[in-house]
Structures are given as structure tokens and as C-alpha cells.
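The following exercises ask you to read a protein model step by step. Please look at the sequence and the structure before you begin.

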Amino acid sequence: MNVTVYCGSNPGDDPRFEETAHALGRWIAQAGHSLVYGGSSVGLMGAVSRATLDAGGTAIGVEPRFFIEAGVAQHDLTELIVVETMGERKAKMIELGDVFVALPGGVGTLEEISEIITRVRLDLGPAECYLLNIDGFYDPLIALLQSMIDHGFFDQCDLDRVHFPASVEELAALVEGRGARVISFDTARLRAVG
């Protein structure tokens, strides 16, 4: 199974973000999955790819040529797919992915996982997606999605397919249980955040 991971090209200000990126990479490799990610050697992208490779896993990077020219490509990847534009990168990562996960990140990460949430809602595939909510990083997004439901722009049945695990262990349990059960989102927590 290919796990497409969206995440920051910076490490962020919380050491747990990078720790989680390492744990995610190790889980991908140890579970026999392959990593698909943005191809960079820096920030959380570098952390998840190095951890995957160090654990004996497969890491496929998809990177625009201008980032490679800037010298941020991971050099020892299993495969590096070079594209010309950010749009091509995003489309290729979707094409290759079976499971879609977001670690903390910036507006690029938000754009990428937002497209996946939209695809979930429109039943274009995947059926579900996962945002690793490390130390409450995605709590503001949870509150925004709840506000969209409250105002009639989003449906609870769609939010139920967007999961916010707090750890890689919780993510692994959700992914391994795909199709066997439906995970209900904790709406009480949403209201507490909002």
C-alpha cells in the first residue's frame, strides 16, 4: 500500500512533530507499505523519508525540478519522480497514493490535504483521510470544519471520514481497520475546541 504523506518542509517549533515524522516513516516501512511524499530532504519531509529508508522501506519522492535545482531533493530515495509544476506534483502524489496522511505543515500541506478532503466528500477516492493532530496542531481546522457543518457547508457524514489521530499508533489502528469499521469523530471534542 502506498501512503502519501503531506507535511512541512520545515521542522516546526514542537519537537514532537519531528518525532512523529520519524515514527510515521518507521511504521510505513515496518508495515510493508511505501512512502509517497514531496521529495525533499529538509524539515518534516526529510524526517519521514529518512526514517522510512533507515527502516528498510521504500520512499518515492515527487518533486518539481525547481526544488531539485535549489538542492533540497533527498538523494537516496527508492525513486524520485521529477515534475515541472506544483500542480503536476500534487496530481502525481494523488495518483500514486492509497492512503493519505497529513503531518503538521504550512499552507502547502493545508492545500494538499484540503484537496483530499474534497475528494473524500465527492466520493472521488480515497474513502477516508488522516491528519496527525500532534499536540492539538489541527484543532483550529477541526473547529473550522465544525463551523462549516453548523452553517450548512459541510456534512457530518463527510467529517466522519476525516480522521484526526493523535499518534502514529492511533493512525495505524485506523488504517489497518479500514473497511472493517467506521470510526466516528468525537463531536464533543469539536465543540470544546470551537
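Five exercises follow, each with a worked solution.

This is a predicted model, in which local features need pLDDT of at least 70 and side-chain atom pairs count only at pLDDT 80 or more, while totals for chains, interfaces and linings use all residues. Residues are numbered from 1 along each chain as its sequence is written, and side-chain values use heavy atoms, with hydrogens and water left out.

**Exercise 1. Describe how helix H1 and helix H2 cross, and state which residues make the contact.**

Solution. Step 1: recall the description required. Two packed helices are described by the angle between their axes and the distance between the axes. Helices (H or I, at least four residues) and strands (E, at least two) are DSSP runs, numbered from the N terminus. Axes are lines fitted to C-alpha atoms, for helices over the stretch in contact, and angles run from 0 to 180 degrees between N-to-C directions.

Step 2: apply it. H1 covers residues 15–30 and H2 residues 43–54; their axes come within 7 Å and cross at roughly 35°. The crossing of H1 and H2 is right-handed (the near helix is turned clockwise from the far one by less than a right angle; anticlockwise would be left-handed).

Step 3: list the contact (heavy atoms within 4.5 Å). H1 contributes Phe17, Glu18, Ala21, His22, Leu24, Gly25, Arg26, Ile28 and Ala29, and H2 contributes Leu44, Ala47, Val48, Ala51 and Thr52. Sorted by class, the contact of H1 with H2 has nine nonpolar, three polar and two charged residues. Here Ala, Val, Leu, Ile, Met, Phe, Trp, Tyr, Cys and Pro count as nonpolar, Asp, Glu, Lys and Arg as charged, and the others, Gly among them, as polar.

**Exercise 2. Which residues touch the most other members of the largest nonpolar core, and which element gives the largest share of this core?**

Solution. Step 1: define the terms. A nonpolar core is a set of buried Ala, Val, Leu, Ile, Met, Phe, Trp, Tyr and Cys residues joined through side-chain atoms within 4.5 Å. Buried means under 20% relative accessible area, exposed over 50%, and partly exposed in between (1.4 Å probe, protein chains only).

Step 2: inspect the core. The largest nonpolar core has 29 residues, of which Val5, Leu24, Trp27, Val101, Leu103 and Leu171 touch the most other members. Two or more residues come from each of strand S1 (2–6), H1, strand S2 (34–37), H2, strand S5 (99–102) and helix H8 (168–176). H1 gives the largest share of this core, six residues.

Step 3: examine one member. Not counting residues up to four places away in sequence, Leu103 touches Val5, Tyr6, Cys7, Thr20, Ala21, Leu24, Leu44, Thr109, Leu132 and Tyr138.

**Exercise 3. Describe the surroundings of valine 3.**

Solution. Step 1: locate the residue. Valine 3 is in strand S1 and is buried, with a relative accessible area of 0%.

Step 2: list its partners. Leaving out residues up to four places away in sequence, valine 3 touches Trp27, Ile28, His33, Ser34, Leu35, Val36, Val99 and Val101.

Step 3: set sequence beside space. Valine 3 and histidine 33 are 30 residues apart in sequence and 6.8 Å apart in space, C-alpha to C-alpha.

**Exercise 4. Which residues form one aromatic cluster with Phe17?**

Solution. Step 1: state the rule. Rings of Phe, Tyr and Trp (its six-membered ring) pair if their centres lie within 6.5 Å; planes under 30 degrees apart count as stacked, over 60 as edge-to-face and the rest as tilted. By this rule the count comes to four aromatic pairs.

Step 2: take one pair. Phe17 and Phe137 are edge-to-face, at 5.5 Å centre to centre with 80° between the planes. Because Phe17 lies in helix H1 and Phe137 in the loop between strand S6 (129–131) and helix H6 (139–150), the pair ties together parts that are 120 residues apart in sequence.

Step 3: add another pair. Phe137 and Tyr138 are also edge-to-face, at 4.9 Å with 90° between the planes. Phe17, Phe137 and Tyr138 thus form one aromatic cluster.

Step 4: compare exposure. Phe17 is buried at 7%, Phe137 is partly exposed at 32%, and Tyr138 is buried at 4%.

**Exercise 5. Where does a cis peptide bond occur, and what is the phi of aspartate 123?**

Solution. Step 1: recall the background. Most residues other than glycine have a negative phi, and most peptide bonds are trans.

Step 2: find the cis bond. A cis peptide bond joins glycine 125 and proline 126, with omega about 5°.

Step 3: read phi. Aspartate 123 has a positive phi near 55°; aspartate 123 lies in the loop between H5 and S6 and is exposed at 57% relative accessibility.
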